[in-house]
Amino acid sequence: MNLKFDYNNMMTDAIGDKGVCSCVFEKEADSIAKAFKTVMDNRGKGWQEWCDLPFVNEDYLDEMISYCGEVGKKADSFVLFGIGGSALGPLSVATALLHLHHNELPKEKRKAPKLYVEDNVDPERMKALLDVIDLKTAYFNVVTKSGETSETLSQFLILYSLLKKELGKEEAKKHIIVTTTIGKGTLYNTAVKEGFKIYGVGAGVGGRFSVLCPVGLVPFAVLGLDIKAMLKGAAELSRVSAESDVRKNPALLSAFLQCEYMKKGCNISVLMPYADSLKYMADFYCQLWAESLGKAVDLDGKTVNAGQTPAKALGVTDQHSQVQLYTEGPFDKVVTFLAVENYRDKVVIADDKEPEMCDFLKGHTLNELINAERKATEFALKKAKRANFTVTLPEVNEETIGELLMYFMYETAFAGALLNIDAFNQPGVEEGKKATFAMLGRKGYEAKMEEINASPKKSEYTIG
Ligand code: PA5
């Protein structure tokens, strides 16, 4: 395993009685073992099909690398239309592994198409996208597991109409890859009828657990990223996640500690990467943690209103924005730092004699500065008795990112099992999707519209 996990500052030894006593590992041994068994027994089954993703057939990957590689050569821009789990994985990984100003690089240096992950239906954003891409050289990946999501289907309809006008139907089809559940859903049916290239999302792979299936692998292969190395990293974290000793299993350990902190009223989990490349990993984590653990009832039908609100921060930027609150505000947070040992670039702070200023900075590197600031923040939190945890990546690359993704997914699954809730459904999201269908007059949603109309009307509580 490449990643390192430091949980010292979660424990009483470091932060006193605000921390977790190491005695709880023994005290809670049965509940840890039960949660571990629940996740292990279901690996590869039902909604835990994502556990098998690192072990996919090589031939399948080779076909994908070859087809998507060709698309990558032809495309000047690659646009992904999707939302939630169908966008955040691709966005977070691509940001981690591509040049930080990928789209602005000249073509020869970029060596891959520009990437646009379009996960909103803001009309200004769609218009802005169309202003910057050339339809003749743009390729599109329409990603929706259900094949029913209004946002993604609207984006597809707009785009396909424009593409047909620009290129003619036969050529337009070649510019579209669809990623969806095979054999099911509106988009799948259309894709078959129109003859688009289709990649399948497994029936038991939920949106937020889908980054290592074609939802993520297709765009990564188009961009020339090493998807086999990514899956290798994910496989390694799967191996470690099957370790029954909680102190040797980082995903089980951090899930358990987070649940202990929830019991103490720490209802906020902050993820704070100290790397711009990992900025969107915090978005990926936020969705995974929020949508999986935020549940009204437990598996026994008891109302629990479980969950811990995830929050994102970026080191060092948010030291000058949020850290004041983390250090002195309510004792309701656990902060997880993502640290990077070796940044892929090194920048020296100029040590010219002139101007005469800041000698303490001159000659050091930004690498030293960012790491010193992370350690300083960790120290400040510890001093203020605030729980914090550090995950260190030796470097950001395909393999370590594969490990990190799998760590987050197993951590979430273990936390769900510890909380005795279903971490793999999302009834709250589905309710909003159905209400949208009803409001737009979709057939079959008349009863939902009646329910909306019957709900209490907005009354006088409005200004302006
Ligand atoms: O994690 C989830 O299940 C959701 O966030 C979905 O990914 C999101 O709602 C998009 O759904 P779909 O991929 O079916 O369009």
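**Exercise 1. Locate Val316 and describe the peptide bond before it.**

Solution. Step 1: Val316 belongs to the loop that runs between β10 (309-312) and α15 (323-328). The model in which this loop appears is a predicted one.
Step 2: Gly315 and Val316 are joined by a peptide bond with omega of about 0°. This bond is cis.
Step 3: Most peptide bonds are trans.

**Exercise 2. Find the place of Pro355 and state whether the bond from Glu354 is cis or trans.**

Solution. Step 1: The loop between β11 (333-340) and α16 (366-383) contains Pro355.
Step 2: For the peptide bond from Glu354 to Pro355, omega is near -5°. The bond is cis.

**Exercise 3. Give the sign of phi for Lys385 and for Asn420, and say how exposed these residues are.**

Solution. Step 1: Most residues other than glycine have a negative phi.
Step 2: Lys385 is not a glycine, and its phi is positive, near 65°. Its place is in the loop between α16 and β12.
Step 3: The relative accessibility of Lys385 is 39%. Buried means under 20% and exposed means over 50%, so Lys385 counts as partly exposed.
Step 4: Asn420 is not a glycine either, and it has a positive phi of about 60°. Asn420 is found in the loop between α17 (398-418) and α18 (427-439).
Step 5: With 23% relative accessibility, Asn420 also counts as partly exposed.

**Exercise 4. Check the length of helix α4 and work out how its buried residues are arranged.**

Solution. Step 1: Helix α4 covers residues 58-74, which is 17 residues. At 1.5 Å a residue it should span 24 Å.
Step 2: The end C-alpha atoms of α4 are 24 Å apart, so the span agrees with the expected value.
Step 3: The buried residues in α4 are Leu61, Met64, Cys68, Val71 and Gly72.
Step 4: Looking down the axis of α4, one finds the buried residues within an arc of 100°, and therefore they line one face of the helix.
Step 5: Asp59 and Lys73 are exposed, and they sit on the face of α4 turned away from its buried side.

**Exercise 5. Describe the surroundings of Asn249 and the helix that follows its loop.**

Solution. Step 1: Asn249 is in the loop between α12 (227-241) and α13 (250-263).
Step 2: The relative accessible area of Asn249 is 0%, so this residue is buried.
Step 3: A polar atom in the side chain of Asn249 lies 2.8 Å from the backbone oxygen of Ser241.
Step 4: Helix α13 has 14 residues. From its first C-alpha to its last it reaches 20 Å, close to the 20 Å expected at 1.5 Å a residue.
Step 5: Of the 14 residues of α13, 13 are buried, and the helix is mostly covered.
Step 6: Just after α13 comes Gly265, with a positive phi of about 90°.

**Exercise 6. Compare separation in sequence with separation in space for two pairs of residues.**

Solution. Step 1: Asn388 is in strand β12 (residues 388-393). Its relative accessibility is 1%, so Asn388 counts as buried.
Step 2: Along the sequence, Asn388 and Met11 are 377 residues apart. In space, their C-alpha atoms are 9.2 Å apart.
Step 3: Ser146 lies in the loop between β4 (138-143) and α8 (150-167). Its relative accessible area is 34%, which makes Ser146 partly exposed.
Step 4: Ser146 and Asp352 are 206 residues apart along the chain, and 59 Å separates their C-alpha atoms.

**Exercise 7. Describe the residues around the ligand and how much of the ligand the protein buries.**

Solution. Step 1: There are 14 residues around the ligand, and Ser86, Thr144, Ser146, Thr149 and Gln287 come nearest.
Step 2: Sorted by type, the shell holds one nonpolar, nine polar and four charged residues.
Step 3: An N or O atom in the side chain of Thr149 is 2.5 Å from an oxygen atom of the ligand. For a polar side-chain atom of Thr144, the distance to a ligand oxygen is 2.7 Å. In the side chain of Lys433, an N or O atom is 3.1 Å from an oxygen atom of the ligand.
Step 4: The ligand taken alone exposes 380 Å², and the protein buries 92% of that area.

Note on methods
Residues are numbered from 1 along each chain as its sequence is written. This is a predicted model: local features need pLDDT of at least 70, side-chain atom pairs count only at pLDDT 80 or more; totals for chains, interfaces and linings use all residues. Side-chain values use heavy atoms; hydrogens and water are left out. A residue is near a molecule or strand if one of its heavy atoms lies within 4 Å of it. A polar contact is a pair of N or O atoms within 3.5 Å; within protein, one must be able to donate a hydrogen and the other to accept it, and residues adjacent in sequence count only if both atoms are side-chain atoms. Accessible areas come from the Shrake-Rupley method with a 1.4 Å probe; for residues, only the protein chains shown count as cover. Ala, Val, Leu, Ile, Met, Phe, Trp, Tyr, Cys and Pro count as nonpolar, Asp, Glu, Lys and Arg as charged, and the others, Gly among them, as polar. Helices (H or I, at least four residues) and strands (E, at least two) are DSSP runs, numbered from the N terminus. The expected span of a helix is 1.5 Å times one less than its number of residues. Buried means under 20% relative accessible area, exposed over 50%, partly exposed in between (1.4 Å probe, protein chains only). The arc is that of the directions from the helix axis to the C-beta atoms.
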